[in-house]
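Q: Please take a close look at a single helix of this structure and describe how it is placed among the elements around it. A connected account that follows the packing from residue to residue would be welcome.

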Amino acid sequence: MSDWLDAEKRVERAQQLSESQRWAEALAELDAAVAINPENALWHAQRGFLLEELNRPVEATGAYERSLEIEPGDRDVAMALGAALARQGRHANALTVFENIARQHSDFEPAYCHRIFVYAQLGRHDQAEEMFYRAQEIDEDCPHCFYYMGESLSMRSLTDRALFCWQKVLDLDPEYVGVNHHIAEAMRIKGDLQSAREYLLRELRNDPGNTDLLLDLADLALQSGDKDGAVTKLEQVIELEPRHAEAYYQLACIQLEQERVAKALTSFEVALSLADGRTEFPNFDARYGETLLRSGKPEDAKARLERALRRDANDHRAMFLLAECLLSLKKPEEAANCCRRALALDDRNGCLHHQLSICLLHMKKYEGSLEHALRAVELDPALTDALFHSAIAAVRLRRWGFAKTQLRTLLQAEPNHQPALSLLKGLWRIRFAAMFRRK
């Protein structure tokens with residue numbers, strides 16, 4: 001008899017620990033109770049709940065199944081099992097569980113409600129809608145039904161209808177977790193960035209430690225052109241989760257765009273160390289390579305950019321940066337080949353033509369250099385440095401008048417362009433000296 005009393009006390013202790021969210025300790029107490037009386041269905045169900053809180057979903061499923069072996073007719077435990085299976089992506093198994101519940105309890109609304117979610121995940125949206133209307137016949141004010149139906153509609157890009165469902169959720173339950181986040185995404189799709197931000201902030205007020213929400217707010221700030229706002233949100237993520245590799249990566253990308261190269265380099269390296277050397281973030285190698293290049297480390301940059309091109313041989317931005325690296329390493333012919341490969345993919349990119357022009361200047365192929373510099377300016381008149389390099393190529397070709405015209409055109413756009421001012425000022429001396437040299 002004392003063993004049975006001990007088991008009951010351990011269950012009471014487990015419940016007290018659960019109320020304090022001390023899940024592991026509660027599970028230990030409950031396991032001890034189950035070891036004494038393994039035929040108590042309720043205790044196995046409680047174990048399932050604790051295992052889910054400890055993020056041990058497969059074990060939780062086993063606990064629910066064991067509970068149902070002891071008491072097969074427990075509707076609530078069966079629902080817990082179906083929901084656990086659905087969360088694991090075992091949708092066909094979950095569907096079987098919910099269908100069995102509905103056969104035994106035809107007026108039990110959750111058995112229809114949760115099938116909306118499962119059918120939507122399986123892409124069977126007509127059946128999801130059928131379940132929605134069957135659930136409505138039993139309970140027309142179930143917020144879960146409208147939430148899941150909104151997800152199904154959103155998957156089909158029926159954004160306005162999805163928004164109607166999610167707004168209905170808020171009408172029924174203003175504190176419903178996750179719905180403001182969904183509405184924010186829908187508003188973003190519609191281009192209403194201000195409303196999207198407001199709904200994300202509402203969700204964050206309900207769940208202030210949610211780093212996914214902060215990441216979305218950072219992304220939204222970037223989309224709105226607010227880089228400083230994005231940095232603030234990413235720094236909040238790092239404050240909450242100091243080992244959040246993605247936050248460091250996104251922060252590094254913004255710092256690179258802001259030309260805060262030293263900070264970007266540090267952030268990239270932290271992201272790399274936290275990711276255990278894996279570079280699964282989009283364009284990591286290309287962006288890290290660019291940062292290394294801007295930090296005066298062309299050899300390291302070259303290795304990263306070559307790695308980026310092994311991942312995506314058509315990344316013309318990486319080719320452009322690799323060409324710049326190779327120029328820094330005094331390998332103009334290899335750099336020129338990079339530019340040509342990139343131009344084969346994007347012949348209307350003025351920056352690439354300009355880069356090739358510089359490579360050809362280094363190779364003393366002045367006709368080609370002039371041709372590509374002029375093409376660069378034609379495609380992008382804002383590339384004033386291409387005007388300068390066209391003038392240098394023209395000087396090498398002894399086309400003095402053309403060189404002067406290019407320099408004056410450049411100085412009209414940028415009166416303080418010092419290299420152009422110096423070249424224009426010294427042009428007569430260069431021309432005079434050329435008279436005594438062989439061409």
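## Helix H22 and its surroundings

A: In helix H22, the buried residues are Tyr366, Ser369, Leu370, His372, Ala373, Ala376, Val377 and Leu379. The model discussed here is a predicted one. H22 comprises residues 366-379, 14 in number, and its end C-alpha atoms are 20 Å apart; this agrees with the 20 Å that the helix should span at 1.5 Å a residue. The cover over its buried residues includes H21, helix H23 (384-396) and helix H24 (400-413).

Two residues show how H22 meets its surroundings. Leu379, which belongs to H22, is one of its buried residues. Once residues up to four places away in sequence are set aside, Leu379 touches Asp347, Arg348, Asn349, Gly350 and His353. Gly350 is 29 residues from Leu379 in sequence, yet the C-alpha atoms of the two are 5.3 Å apart in space. The second residue, His354, approaches from the other partner, since its place is in helix H21. His354 counts as buried because its relative accessibility is 11%, and the cut-off for burial is under 20%. Beyond four places in sequence, the residues that His354 touches are His372, Ala376, Asp385, Ala386 and His389. Among these, His372 and Ala376 are themselves buried residues of H22.

H21 in turn packs against the helix that precedes it in the numbering. Helix H20 (residues 332-345) and helix H21 (residues 350-362) have axes that come within 9 Å and cross at roughly 155 degrees. H20 is therefore roughly antiparallel to H21, as angles over 145 degrees are classed in that way. The crossing in which H20 passes H21 is left-handed. H20 contributes Pro332, Ala335, Ala336, Cys339, Arg340, Ala342 and Leu343 to the contact, and H21 contributes Leu352, His353, Gln355, Leu356, Cys359, Leu360 and His362. Sorted by class, the residues of this contact are 10 nonpolar, 3 polar and 1 charged. His353 thus takes part in the contact of H21 with H20, and it is also touched by Leu379 of H22.

Cys359, a residue of H21, illustrates the side of that helix that meets H20. With 0% relative accessibility, Cys359 counts as buried. Apart from neighbours within four places in sequence, it is in contact with Leu327, Pro332, Ala335, Ala336 and Cys339. Of these, Pro332, Ala335, Ala336 and Cys339 are named in the contact made by H20. The C-alpha atom of Cys359 is separated by 8.8 Å from that of Lys331, which lies 28 residues away along the chain.

Other parts of the chain allow the description of H22 and its neighbours to be set in context. The axes of helix H7 (residues 109-121) and helix H8 (residues 125-138) come within 8 Å and cross at roughly 160 degrees. H7 and H8 are therefore roughly antiparallel to each other, and their crossing is left-handed. From H7, the contact is made by Glu109, Tyr112, Cys113, Arg115, Ile116, Tyr119 and Ala120; from H8, by His125, Gln127, Ala128, Met131, Phe132, Arg134, Ala135 and Ile138. The contact of H7 with H8 divides by class into 10 nonpolar, 2 polar and 3 charged residues.

Helix H13 (residues 211-223) can be described in similar terms to H22. Its 13 residues reach 18 Å from first to last C-alpha, close to the 18 Å expected at 1.5 Å a residue. Its buried residues are Thr211, Leu213, Leu214, Leu215, Asp216, Leu217, Ala218, Leu220 and Ala221. These pack against helix H11 (179-189), helix H12 (193-206), helix H14 (227-240) and H15. Ala245 lies in H15, which covers residues 245-257, and is buried with a relative accessible area of 12%. Beyond four places in sequence, Ala245 touches Ala271, Leu274, Ala275 and Phe281. Its C-alpha atom is separated by 33 Å from that of Pro174, 71 residues away along the chain.

Towards the start of the numbering, His44 has its place in helix H3 (residues 41-53). This histidine is buried, with a relative accessible area of 7%. Its contacts, leaving aside neighbours within four places in sequence, are with Val34, Pro38, Ala63, Arg66, Ser67 and Ile70.

Technical notes. Residues are numbered from 1 along each chain as its sequence is written. This is a predicted model: local features need pLDDT of at least 70, side-chain atom pairs count only at pLDDT 80 or more; totals for chains, interfaces and linings use all residues. Side-chain values use heavy atoms; hydrogens and water are left out. Axes are lines fitted to C-alpha atoms, for helices over the stretch in contact, and angles run from 0 to 180 degrees between N-to-C directions. Helices (H or I, at least four residues) and strands (E, at least two) are DSSP runs, numbered from the N terminus. Angles under 35 degrees count as roughly parallel, over 145 as roughly antiparallel, 65 to 115 as roughly perpendicular and the rest as oblique. A crossing is left-handed if the near helix is turned anticlockwise from the far one by less than a right angle, and right-handed if clockwise. Contact means heavy atoms within 4.5 Å. Ala, Val, Leu, Ile, Met, Phe, Trp, Tyr, Cys and Pro count as nonpolar, Asp, Glu, Lys and Arg as charged, and the others, Gly among them, as polar. The expected span of a helix is 1.5 Å times one less than its number of residues. Buried means under 20% relative accessible area, exposed over 50%, partly exposed in between (1.4 Å probe, protein chains only).
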